[in-house]
Amino acid sequence: MVKELICIVCPQGCHLTVDEEKDCQVSGNRCARGVAYGKSEVMNPTRILTSTVCVRSALHPRCPVKTDRPIPKKDLLRAMTLLDDMVLVPPVRRGDVVIAKVLGHSCDFVATRDILE
Amino acid sequence: MTERYQLIVIGGGPAGLGAAIRARENGLSRILIVERDVELGGILNQCIHNGFGLHYFGEELTGPEYAGRVTDRLEGQGIDIVCDTMVLSIESGAEGHRLCLMSAKEGYRFLDTKALVLAMGCRERTRGAIGIPGTRVAGILTAGTAQRYVNMEGYMVGRRVIVLGSGDIGLIMARRMVLEGAEVLACVEIMPYSGGLARNLVQCLDDYGITLLLSHTITRIKGKSRVEGVTVQQVDASLKPIEGTEQDFDVDTVLLSVGLIPENELTRAAGITIDPRTGGPVVYENKETAVDGIFACGNVLHVHDLVDYVTEESEEAGKAAAMYVLGQEKEHPEKLEKEAIDVVAGPGIAYTIPQKIRPAGESEKTRIFFRVRQPYKSPKRLVLRDGEQIIASSRRPYMAPGEMEHLMVNQHMLEMIKGRTLVLSVED
């Protein structure tokens with residue numbers, strides 16, 4: 001199958017085509033970085049996931065979190081459900097692990113701000 | 001009773017923080033930051049997505065992390081901070097500037113300062129600004145308001161959503177709403193191109209299968225007390241809706257991402273000259289406005305797409321404010337004003353920052369920031385001319401209005417200038 005994507009490595013936004021039958025051959029790119037992006041985007045696309053969790057604080061009812069590494073794109077919505085029942089108690093520090101080993105991947109959900117009271 | 005500061009910074013977002021810290025590093029000891037929210041960090045606090053700081057910190061941070069990194073630098077600096085406080089007015093005199101402040105805790109009070117940095121940021125255009133016909137129902141929000149509700153206050157704003165405008169906040173919120181369980185039926189953009197960054201089109205719309213309708217707009221909002229649906233129509237080259245292209249969307253929420261306006265009510269009332277193209281003050285190369293000792297930086301000056309550039313710009317403003325207070329400006333500003341060169345936006349260019357350059361000023365290098373008027377998909381040259389003579393020129397493979405560009409001008413180039421104006425234009 002041939003997939004069409006827009007390269008997001010730089011602002012040029014090259015329109016890439018990636019041929020899955022020909023060892024993910026990339027065309028339409030204007031530089032070598034487009035090849036690497038095109039291949040990984042087709043073979044195993046990953047994203048950092050950001051969201052919020054509940055926190056027992058009068059001033060800040062939600063604490064923002066992120067996965068500290070990118071996770072496979074297909075797992076994004078499933079990872080979101082892990083946050084639903086989570087309740088944090090202050091003090092929360094930026095970088096604190098909120099959920100370890102998200103869906104068995106080697107990455108954690110971490111808090112992205114301090115909530116001290 | 002009044003207190004005298006060397007520098008007061010209005011706004012505790014990235015621009016205000018950058019300016020205050022750099023002013024401190026350049027020798028000022030009595031600095032105050034005034035913030036109207038209950039905490040520092042500005043709009044970064046609600047921008048929980050990642051993509052900030054690649055340029056300035058060399059790593060990808062979320063908005064709250066970027067704000068955290070910057071506020072950490074305040075630690076031990078002895079910079080005064082007041083939150084939950086509005087600046088109501090600025091009055092400028094020979095001795096400096098007097099601010100009138102208002103807060104629930106301290107009431108109404110005056111503070112004096114030698115220099116002032118304006119860092120009030122910007123706000124979103126609303127339905128009223130673009131005049132969408134239809135009923136005045138609940139469920140119509142700016143994307144940034146929805147972002148605050150969802151990300152900070154923990155309220156879900158709708159279940160079936162349409163986004164009008166393809167600015168970055170709209171794209172980011174389209175993804176956010178899907179992740180929180182809503183259905184986003186489309187993102188509708190009146191122009192034939194998107195105003196957002198390419199990475200956001202990919203990661204926010206394409207990733208979640210959200211349709212982007214270019215050259216379309218919402219022509220009617222229906223509903224009694226809550227949005228019950230909208231009509232979308234295609235537009236022609238003059239942006240007029242085309243009859244017969246109506247399609248209805250069954251939505252309960254309309255999110256607007258239709259542009260940002262620098263928040264300059266205070267600036268105008270203080271008699272500072274505003275550039276109608278940017279909506280922000282006219283500034284010199286050191287970010288000083290038309291009023292002596294008042295500087296401006298960040299989104300109050302012109303709307304940025306990357307906070308990294310806001311930080312850099314605010315550091316320039318903070319340093320310049322410190323030099324002003326410590327009397328290190330090379331010459332009297334009135335004399336410099338006579339030598340100021342106007343930077344003019346020529347064909348293809350929407351605006352430039354700064355609008356004026358004083359060749360004898362402090363800066364050894366001046367970065368002229370600008371936006372182009374339309375997308376250029378093929379390589380073009382940017383040319384800065386003094387009459388017929390080319391002062392600087394640079395080739396760009398690709399340019400779009402959504403991505404701010406800059407051109408570097410050094411002292412040597414400025415010394416070559418014979419005329420009073422420099423014209424920046426896009427050429428083949």
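The paragraphs below go through a predicted model, from its domains to its chain interface and then to its aromatic rings.

Chain B is the place to start. The domain assignment splits chain B into three parts: domain 1 covers 1-124 + 260-329, domain 2 covers 126-258, and domain 3 covers 339-428. Domain 1 of chain B is thus written as two stretches, with the residues of domain 2 falling between them in the numbering. For chain A, the assignment gives domain 1 as 2-43 and domain 2 as 50-111. The centres of these two domains of chain A, taken over C-alpha atoms, are 31 Å apart.

Within chain B, consider how domain 2 meets domain 3. Their C-alpha centres are separated by 35 Å. In the contact between them, domain 2 of chain B contributes 4 residues and domain 3 of chain B contributes 5 residues. Together the two domains bury about 330 Å², and carbon and sulfur atoms account for 60% of that area. On the side of domain 2 of chain B, three residues stand out: B:Tyr193, B:Gly195 and B:Leu197 provide 84% of the area which that domain buries against domain 3, more than any other three residues. The count of salt bridges across this interface is 0. The count of residue pairs in polar contact, with both residues at pLDDT 80 or more, is also 0.

The next interface is the one between the chains. Here 33 residues of chain B touch 25 residues of chain A. The area buried between chain B and chain A is about 2,400 Å², with 56% of it on carbon and sulfur atoms. Within chain B, the residues that lose the most area to chain A are B:Glu65, B:Leu179 and B:Asp207, which together make up 20% of what the chain B side buries. Between the two chains there are 5 salt bridges. One of the residues just named takes part in a salt bridge: B:Glu65 pairs with A:Lys66, and their closest N and O atoms are 3.1 Å apart. The chains also share 9 residue pairs in polar contact, counting those with both residues at pLDDT 80 or more.

Aromatic rings are the last topic. Over all chains, the model has 6 aromatic pairs. In one pair, B:Tyr56 and B:Phe57, the ring centres are 5.0 Å apart and the planes stand at 90°, so the pair is edge-to-face. Planes over 60 degrees apart are counted that way. B:Tyr56 has 22% relative accessibility and therefore counts as partly exposed. B:Phe57, with a relative accessible area of 19%, is buried, because the limit for buried is under 20%. These two residues and B:Tyr66 make up one aromatic cluster.

The ring of B:Phe57 also has a charged partner. The charged end of B:Arg69 sits over that ring, 5.3 Å from the ring centre. A similar arrangement is found at B:Tyr284, where the charged end of B:Arg358 sits over the ring at 3.8 Å from its centre.

Methods
Residues numbered from 1 in each chain as written. Chains lettered and ligands numbered in written order. Predicted model: local features only at pLDDT ≥ 70, side-chain atom pairs only at ≥ 80, totals over all residues. Heavy atoms only, no water. Phe/Tyr/Trp six-rings, centres within 6.5 Å; stacked < 30°, edge-to-face > 60°. Buried < 20%, exposed > 50% of the residue type's maximum accessible area, 1.4 Å probe, protein only. Lys NZ or Arg CZ within 6 Å of the ring centre and 35° of its normal. Domains from an automatic or database assignment. Contact = heavy atoms within 4.5 Å. Buried area = accessible area lost by both parts, 1.4 Å probe. Salt bridge = Lys/Arg side-chain N within 4 Å of Asp/Glu carboxyl O. Polar contact = N/O pair within 3.5 Å; in protein donor to acceptor, adjacent residues only side chain to side chain.
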